[in-house]
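Colleague: Please show me the model. I have some questions to work through with you.

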Amino acid sequence: MLNRFADFMAGITECHRYVLRIKNLEMTELGLKGHHMMCLFCLGRSEEGLTAAQLAAMCFEDKAAISRSIADLENGGYVAPADPNVKYRSTLVLTEKGEKLVEFGERLLANVPIYCLTCNISTEAVETVIKEIFPEEEI
């Protein structure tokens, strides 16, 4: 049982490294980093916007790192306070530029099958897992 758990955790860690690599490669061209994309994705999922504290919790980052990311994203025109008159503890929302970037990121990740990022997982194994997790979807 322990070997199975260790293999599972190693696989998850490997997938996480590949996702980070993709985020960083794509974001570098825009002058951003992978952690900026996490903030944008979280804000994109929120209809009402999020505070810095909420973003920190959702992105598993400390508040200082999130504050730096928010400053970068505000300076780049990707996010803005929901109420421009409130600066301290304000709710942040995506700007139109931020929404376009989130849509681009979603399209990018939707077109990259995770099993193609590593060579030790067969297509058959991936299809079996997908059928078990999402039985109603066609592969």
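Colleague: Which side chain meets Lys 100 in a salt bridge?

Modeller: This is a predicted model, where local features need pLDDT of at least 70, side-chain atom pairs count only at pLDDT 80 or more, and totals for chains, interfaces and linings use all residues. Residues are numbered from 1 along each chain as its sequence is written, and side-chain values use heavy atoms, with hydrogens and water left out. A salt bridge puts a side-chain nitrogen of Lys or Arg within 4 Å of a carboxyl oxygen of Asp or Glu. At 3.6 Å, N to O, the partner of Lys 100 is Glu 96.

Colleague: How many residues apart are Lys 100 and Glu 96 in helix α5?

Modeller: Helices are DSSP runs of H or I with at least four residues, strands are runs of E with at least two, and both are numbered from the N terminus. Helix α5 covers residues 96–110. About one helical turn separates the pair, because they are apart by 4 residues.

Colleague: Is Lys 100 buried or exposed?

Modeller: Buried means under 20% relative accessible area, exposed means over 50%, and partly exposed lies in between (1.4 Å probe, protein chains only). Glu 96 has 56%, so Glu 96 is exposed. Lys 100 has 51% relative accessibility, so Lys 100 counts as exposed.

Colleague: What pattern does the protein chain follow along the sequence?

Modeller: The protein chain has 6 helices and 2 strands. Read in order, they give α-α-α-α-β-β-α-α.

Colleague: Which residues of helix α3 are buried?

Modeller: Helix α3 spans residues 52–59. Its buried residues are covered by elements including α2 (34–45), α4 (63–75) and β2 (92–94). The buried ones are Leu 55, Ala 56 and Cys 59.

Colleague: Why are they on the same side of α3?

Modeller: The arc is taken from the directions from the helix axis to the C-beta atoms. The three lie on the same side of α3 because their arc around the axis is only 100 degrees.

Colleague: Which helix gives the most to the largest nonpolar core?

Modeller: A nonpolar core is a set of buried Ala, Val, Leu, Ile, Met, Phe, Trp, Tyr and Cys residues joined through side-chain atoms within 4.5 Å. The largest one has 21 residues, and Leu 40, Leu 55 and Ile 66 are among those with the most contacts inside it. At least two residues of this core come from each of α2, α3, α4, β2 and α5. With 6 residues, the top contributor is α2.

Colleague: Which residues does Ile 66 touch, not counting those up to four places away in sequence?

Modeller: Contact means heavy atoms within 4.5 Å. With that exclusion, Ile 66 touches Cys 39, Ala 52, Leu 55, Ala 56, Cys 59 and Glu 61.

Colleague: What is the relative accessible area of Ser 90?

Modeller: Ser 90 sits in the loop between β1 (79–81) and β2. Leaving aside neighbours within four places in sequence, Ser 90 is in contact with Leu 50, Thr 51, Ala 52 and Pro 81. Ser 90 is buried, and its relative accessible area is 10%.

Colleague: How much of the 139 residues in the protein chain do buried residues make up?

Modeller: In soluble globular proteins, nonpolar side chains tend to be buried together. For this protein chain of 139 residues, the buried share is 26%.
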